[in-house]
Amino acid sequence: MKNSLNSAKIGNRELINLLIDVANENSVDIQEDSLSIIHDIILEYKVLYEYLRKNYVVGDLDTFKMASCMLVAVNKHGFTEDKFVNASIAVDTAYKMCENPYTNVSGTTIKLEEVDFKEVFNDDMEFYQDSKNRLITSLIHGNGSSLTYFLNLEQFYNVALEKKYQYVKTAICKKRRRKY
């Protein structure tokens, strides 16, 4: 997800578009009654965001904490009666938020490297799907909170970065071998 702001904060319009896009990707047709669900999700997201910000963070939340708030909010309100579909939409939404991350250090917002998860894990979709399914299962059974999910999202991002650089190193080594 491209964030047009020069910070980790995402505006309501961007959140609405993100939720609609991810719901559609999960074969959920957004109807007019879905707009009230989106409104409820965004309100819940903001409540969770403020709770984390006030109680656990100095300054603003980073992208991973924001995504964990969205993960919980989407799962709680859901678009369908199907808990698996709702949890899947929640995870996909959080993953999209984490593809273009920001962190906050001593009141300064720092953009981190972008990662397209599906592209990076293209040759290892089993790992991607396993990670996603574990989060979905946790959401369905209510085993976590926004305070704990952000660690999973941040770690998934770090694994994706390592994999991305592994590809770069492999390509450079192959290129060097061809030269000699």
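How many helices and how many strands does the protein chain have? There are 7 helices and 2 strands in this predicted model. The legends below take you through some close-ups.

**Figure 1. The whole chain, read from one end to the other.** Start at the N terminus and follow the elements along: they go α-α-α-α-β-β-α-α-α. So you meet four helices, then the two strands, then three helices, because that is how the α and β elements line up along the chain. The chain has 180 residues, and 44% of them count as buried. Now think about who touches whom: among contacts between residues at least 6 apart in sequence, 67% join residues at least 24 apart.

**Figure 2. Helix 4, wrapped up by the rest of the structure.** This helix covers residues 83-98, which makes 16 residues. From its first C-alpha to its last it reaches 23 Å, close to the 22 Å expected at 1.5 Å a residue. Is helix 4 mostly enclosed or mostly open? Look at the count: 12 of its 16 residues are buried, so the rest of the structure largely encloses helix 4. Among these buried residues are Ile89, Val91, Tyr95 and Met97, and you will also find Asn86, Asp92 and Thr93 on the list. Check the start of the helix too, where a side-chain oxygen of Asp82 comes to within 2.8 Å of the backbone nitrogen of Phe84.

**Figure 3. The largest nonpolar core.** In soluble globular proteins, nonpolar side chains tend to be buried together. Here, the largest nonpolar core has 52 residues, and Tyr45, Phe79 and Phe117 are the ones with the most contacts inside it. Each of the helices, from helix 1 (12-25) and helix 2 (32-56) through to helix 6 (125-141) and helix 7 (146-179), supplies at least two residues of this core. Helix 3 gives the largest share, with 9 residues.

**Figure 4. Phe117 and its ring partner Tyr95.** Leave out the neighbours within four places in sequence, and Phe117 is in contact with Tyr95, Cys98, Glu99, Tyr128, Phe156, Tyr157 and Ala160. The count of aromatic pairs in this model comes to 12. One of them is Tyr95 with Phe117: the ring centres are 5.5 Å apart and the planes sit at 70°, so this pair is edge-to-face. Tyr95 belongs to helix 4 and Phe117 to helix 5, so to speak of distant parts of the chain is fair, with their positions 22 residues apart in sequence. Both Tyr95 and Phe117 are buried.

**Figure 5. A stacked pair, and the cluster around it.** How are the rings of Phe121 and Phe156 arranged, stacked or edge-to-face? Their centres are 5.1 Å apart and their planes at 25°, so they count as stacked. Phe121 is in the loop between helix 5 and helix 6, while Phe156 is in helix 7, so the pair ties together parts that are 35 residues apart in sequence. Phe121 and Phe156 are both buried. Zoom out a little and you can trace a cluster, in which ring pairs link Tyr95, Phe117, Phe121, Phe127, Tyr128 and Phe156.

**Figure 6. The hairpin and Thr103.** Strand 1 (residues 102-105) and strand 2 (residues 108-111) pair in the antiparallel sense, over 4 bridges. Together they form a hairpin with 2 residues between the strands, and Ser106 in the turn has a positive phi of about 50°. Now pick out Thr103, which lies in strand 1. Its bridge partner in strand 2 is Ile110. Is Thr103 buried or exposed? Its relative accessible area is 19%, and the cut-off for buried is under 20%, so Thr103 counts as buried. Not counting residues up to four places away in sequence, Thr103 touches Asp62, Thr108, Thr109, Ile110 and Leu112.

**Figure 7. Ser68, a buried serine.** You can find Ser68 in helix 3. Its relative accessibility is 0%, so Ser68 counts as buried. Who are the contacts of Ser68, leaving aside its neighbours within four places in sequence? They are Leu52, Ser146, Tyr149, Phe150 and Leu153.

How values were computed. Residues are numbered from 1 along each chain as its sequence is written. This is a predicted model: local features need pLDDT of at least 70, side-chain atom pairs count only at pLDDT 80 or more; totals for chains, interfaces and linings use all residues. Side-chain values use heavy atoms; hydrogens and water are left out. The expected span of a helix is 1.5 Å times one less than its number of residues. Buried means under 20% relative accessible area, exposed over 50%, partly exposed in between (1.4 Å probe, protein chains only). A polar contact is a pair of N or O atoms within 3.5 Å; within protein, one must be able to donate a hydrogen and the other to accept it, and residues adjacent in sequence count only if both atoms are side-chain atoms. A nonpolar core is a set of buried Ala, Val, Leu, Ile, Met, Phe, Trp, Tyr and Cys residues joined through side-chain atoms within 4.5 Å. Contact means heavy atoms within 4.5 Å. Two strands pair if DSSP finds at least two bridges between them. Rings of Phe, Tyr and Trp (its six-membered ring) pair if their centres lie within 6.5 Å; planes under 30 degrees apart count as stacked, over 60 as edge-to-face and the rest as tilted.
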